[in-house]
Amino acid sequence: MMNTKSQIMCVWSGVAFFMLFFIACWPLAQFIPPPSPTLTSTEILERYQDNINMIRLAMPLGIISAIFFIPWSAVIAVQLAAIEGRRPVWAITVVAAGVCNTIAFLLPFVFWAPGVYRLERDPELIFLFSDFAWLEFVMFFPQFTLMAIAIAVAGLMDKRDRPFFPRWICFLNLWVGLLVAPGGLAIFFKSGPFAWNGILAFWTPVVVFTIYFSCMVPIMLQGIYREAKDSSIQHES
């Protein structure tokens with residue numbers, strides 16, 4: 001029962017990550033929609049000045065939000081390890097990718113922070129920090145894609161009558177891993193669908209990421225509760 005409660009807490013930590021990250025990016029910093037890559041350094045500075053206190057508040061909140069991705073990754077890894085048995089290579093991959101994802105999710109806020117710390121800087125320096133943050137924000141997909149692939153592959157290996165991850169969730173992970181990848185091309189574009197504010201580099205990943213968490217959280221909770229119930233029945237018998 002204690003392990004069940006711990007796993008449930010880890011699932012809800014994923015929700016905490018998603019909500020805090022979203023709050024930091026939108027209601028506070030108002031970074032959704034993103035500023036256009038074609039804006040000048042002066043225009044970026046003016047955008048920061050108009051909302052500087054809320055942007056500064058968003059920085060520590062965004063960094064804190066990323067930490068909650070670690071327990072989320074851990075509970076997924078535990079379930080994959082149960083599927084794989086000895087030598088759970090995909091579970092270990094998820095743990096490693098989860099740590100990399102945590103760093104990737106907090107780095108944009110680390111880059112934004114010095115840009116909004118001293119607005120009296122040369123606008124070109126603030127411009128540089130902004131570019132750092134936005135390019136990292138949309139180009140960090142490889143480790144998330146790897147994590148999604150690991151979940152899909154291990155999930156499809158589950159031959160139990162009621163697999164923990166239904167097959168459609170496994171295929172959803174593959175699709176999500178694919179659909180977040182276009183952000184990697186943002187370095188080549190300042191406008192259009194592959195720019196950091198474009199439909200393929202930004203909006204598609206945001207939408208699929210939202211769908212992904214909306215599907216994964218109830219499936220994870222359902223599977224954990226089902227395992228706890230089955231374990232209780234076996235113990236009583």
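**Exercise 1.** Is Phe69 buried or exposed, and what is its relative accessible area?

*Solution.* The model is predicted: local features need pLDDT of at least 70, side-chain atom pairs count only at pLDDT 80 or more, and totals for chains, interfaces and linings use all residues. Residues are numbered from 1 along each chain as its sequence is written, and side-chain values use heavy atoms, with hydrogens and water left out.

Step 1. Take the cut-offs: buried is under 20% relative accessible area, exposed is over 50%, and partly exposed lies in between (1.4 Å probe, protein chains only).

Step 2. Phe69 has a relative accessible area of 1%, so Phe69 is buried.

**Exercise 2.** Classify the aromatic pair of Phe22 and Trp26, then the pair of Phe69 and Phe105, and place each in the helices.

*Solution.* Step 1. Rings of Phe, Tyr and Trp (its six-membered ring) pair if their centres lie within 6.5 Å; planes under 30 degrees apart are stacked, over 60 edge-to-face, and the rest tilted. The count under this rule is 33 aromatic pairs.

Step 2. Phe22 and Trp26 are 5.5 Å apart, centre to centre, with 50° between the planes, which is a tilted pair. Both belong to helix α1 (residues 2-28) and are 4 residues apart, about one turn of the helix; helices are DSSP runs (H or I, at least four residues) numbered from the N terminus. Phe22 is partly exposed at 33% relative accessible area, and Trp26 is partly exposed at 43%.

Step 3. Phe69 and Phe105 are also a tilted pair, at 5.3 Å centre to centre and 50° between the planes. Phe69 is in helix α4 (residues 69-84) and Phe105 in helix α5 (residues 89-117), so the pair ties together parts that are 36 residues apart in sequence. Phe105 is buried, at 4% relative accessibility.

**Exercise 3.** Which residues of α8 are buried, and how are they arranged about the axis?

*Solution.* Step 1. Helix α8 has 13 residues and spans 18 Å from first C-alpha to last, close to the 18 Å expected at 1.5 Å a residue; the expected span is 1.5 Å times one less than the number of residues.

Step 2. The buried residues of α8 are Ile169, Cys170, Leu172, Asn173, Val176 and Gly177. Seen down the axis, they fall within an arc of 160°, so they line one face of the helix; the arc is taken over directions from the helix axis to the C-beta atoms.

Step 3. On the other side of α8, Arg167, Trp175 and Leu178 are exposed.

Definitions and conventions. Helices (H or I, at least four residues) and strands (E, at least two) are DSSP runs, numbered from the N terminus.
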